[in-house]
Amino acid sequence: MSTNNEGSTQGGATADSGSFDSLMRENRVFPPPAEFASRAWIKSEMEWEAMYRRSIEHPELFWAEAAEELSWSKKWDKVLEGTFPDPKWFTGGKLNLCYNAVDRHVEAGRGDKVALIWEGEPVGQVVKLTYSQLLVEVQRFANVLKAHGVKKGDRVAIYMGMTNELAIAVLACARIGAIHSVIFGGFAAHAISDRVKDCDCRVVVTQDMSYRRGAPIKLKEIVDAGLESCPDVRSVIVYQREPKFETPMKAGRDSWWHEEAAKVSAECPCAEQEAEDPLFILYTSGTTGKPKGLVHTTGGYAVQTYLTTKYVFDIHDDDIYWCSADIGWITGHSYVVYGPLQNGATVLLYEGAPNFPEQDRFWQIVDDHKVTIFYTAPTAIRAFIKFGVDKVRKHSLASLRLLGTVGEPINPEAWMWFHREVGHENCPIVDTWWQTETGGHMLAPIPGAIATKPGSATRPFFGIEPAVLTKEGDPVPNDHGGLLVIRKPWPSMARTIWGDDERFAQAYFSEIPGCYFTGDGARCDADGYYWLMGRVDDVINVSGHRLGTMEIESALVAHPKVAEAAVVGRPDELKGQAIAAFVSLEYGLDPSDELKQELRQWVAKEIGALARPDDLRFTPILPKTRSGKIMRRLLRELATTGDIKGDTTTLEDFSLLAKLRDNDD
Ligand code: 6R9
């Protein structure tokens, strides 16, 4: 394990716990519907087998053929050079990803096709942009960035809500070779300043506000608070989402997007990028307190996001594609923006919450826009189940032909509900396993070819060689749990952590020599299907969002009244995992309900509402081993079951056990 905390695994998915074997086995199998398969890119398991085998035996040929479906201004010399931790893909090749996502469709005469459909949260606010219109907007904004001094290789932070302009800002960066660093709009001011400083952004793009459950989220004001400690930021460009709100603007630093765009030309050539030039940085939680800025490069990322979108979503020209993830996460980067637009798809973006103004908002959107492909998170599905079946049954949903899930393991009940109530038993469900680090899908069924099993991410994508191993690196027999690793480099893998090659090598390639270590536990069944079992490190997954327990602990101990804190995940029916915090206060301070609320709120303010602890308990001291390590296993057990029955022999202070039990609320 990458952490030295005793018993630090989350969710019990360890290679040696034996707990896998007690899990119920899921035996249902759903073959691809015949009609779906008949018009799919890949029509049978036999066809898939042959392609998969070839992709593993001749990866360079396979990926070169995929790359040829995109536009390169100079062809690569070599498909793959080197290996973990530092492989290079398509070296010598030159391309521009914005050109591939936008221009080439216009040049091919498809400029009138709708590229983006934006649905605002207030009902009735819809803006559609064709590929030609998108091209104009992207060029204008690229010129705005240039006018603000942004050059190739510069980092641009983007903190926005779900708007067409967010996609435009991302594409404009790609167009001029600037490296975007999108910060999820739910993060707090502190998280913004950390990220802006870590990769030294001088320009920030934001918007005045965004709607969430009817309430305005004043994004610009959050940016202002974050930038108080970032004096190097010289320009803040603000998209005006809602003119009716007053937005504070700082003279000399802030400007309005629409005013700046009116001053520049609508033509901006694409910068020629080397295949290995960085495209973006995206921060994600790891096992330490500091989020990692994962760096993705251009060529390999373009190819794999293009190809996975084509085959896993079986995307065709007449599809209306909706991925409900925010662009602020990797899913939004790869499967709202780059993957579908490179395929020339029509992409729907929704600004707001699934339950606003009513709990059937998503289904209303599906029917209104005749969505054909719908990709969402298991946590959303579990919320829909809770809303009651009448909400979904009110709508036709007849346009849907494919469903997808991502972000966390899906429980078979939720899978079956999605299949029955949303898919009407004739839409394949693609459960896609992948990570910020992998850039694109790694395990996922090809829907016309691979039968699905509820709860399994099924088989590897082409060119991907997964394995389930013990901590020592030995293969684990079928149907036994172990650590999920990837044996060979793939094109869309992250290349490093911004400014810290060593941490990158250490975090992902030192655990099991020669392999990429995913941080996930899994088992593989006799049919070669993978079943994900959750994280095996100190990362917890709350509603499909990754959070490091150490990050939350650091936020807690930053509070003047907190002496020490430990955070663990516990199972939660709706969110997958919930956050349980154990806090010991500075000497002489008394616990109180007010303080409990204050600390929960403090974390929300420091990191963002998604990190607010669900439970917070005070304890005089934290349970530690004799060597001083926090016994998270005990805390997890306590948070999950309310008691401690497991092994406590290494506990340093046994009198603490009684106190911990007493404190159980
Ligand atoms: C794309 C994304 C990655 C972690 C990953 C795993 C979990 C994602 C999953 C899944 C089971 C799936 N995860 N997809 N677990 N089945 N289909 O979510 O990236 O935010 O980096 O999270 O999410 O634990 O390691 P990211």
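Ala, Val, Leu, Ile, Met, Phe, Trp, Tyr, Cys and Pro count here as nonpolar, Asp, Glu, Lys and Arg as charged, and the others, Gly among them, as polar. By that sorting, the shell around the ligand holds 6 nonpolar, 6 polar and 5 charged residues. The model is predicted.

Start with the ligand. It is surrounded by 17 residues. The closest are D431, T432, T436, D520 and R546. Three secondary-structure elements each supply at least two residues of this shell: helix α11 (330–342), strand β20 (429–432) and strand β25 (530–535).

Next come the polar atoms. A nitrogen atom of the ligand lies 2.7 Å from a backbone N or O atom of T432. For P409, a backbone N or O atom is 3.4 Å from a nitrogen atom of the ligand. Q435 uses its side chain: an N or O atom there is 2.9 Å from an oxygen atom of the ligand. On its own, the ligand has 530 Å² of accessible area, and the protein covers 97% of that.

Now turn to the record. An unreviewed UniProt entry places the feature "binding site" at R212, R213, G214, A215, T331, N355 and S543. These positions span 332 residues in sequence, and their farthest two C-alpha atoms are 25.2 Å apart, so they do not all gather at one spot.

Two of the annotated positions can be followed in more detail. G214 sits in the loop between β9 (210–212) and β10 (215–217). Is G214 buried or exposed? Its relative accessibility is 38%, so G214 counts as partly exposed; the class runs between the 20% limit for buried and the 50% limit for exposed. Leaving aside residues up to four places away in sequence, G214 touches E121 and F356.

S543 also belongs to a loop, the one between β26 (539–542) and β27 (545–548). Beyond residues up to four places away in sequence, S543 touches T379, E408 and K575. With T379 there is also a polar contact: the two side chains are joined at 3.5 Å.

Finally, look at S193, which lies in helix α7 (residues 189–198). Its relative accessible area is 5%. Buried means under 20%, so S193 falls in that class. Which residues does S193 touch, not counting those up to four places away in sequence? They are G226, S229 and C230.

Note on methods. Residues are numbered from 1 along each chain as its sequence is written. This is a predicted model: local features need pLDDT of at least 70, side-chain atom pairs count only at pLDDT 80 or more; totals for chains, interfaces and linings use all residues. Side-chain values use heavy atoms; hydrogens and water are left out. Helices (H or I, at least four residues) and strands (E, at least two) are DSSP runs, numbered from the N terminus. Buried means under 20% relative accessible area, exposed over 50%, partly exposed in between (1.4 Å probe, protein chains only). Contact means heavy atoms within 4.5 Å. UniProt positions are given in the numbering used here, feature names are shortened, and annotations may be inferred rather than shown by experiment. A polar contact is a pair of N or O atoms within 3.5 Å; within protein, one must be able to donate a hydrogen and the other to accept it, and residues adjacent in sequence count only if both atoms are side-chain atoms. A residue is near a molecule or strand if one of its heavy atoms lies within 4 Å of it. Accessible areas come from the Shrake-Rupley method with a 1.4 Å probe; for residues, only the protein chains shown count as cover.
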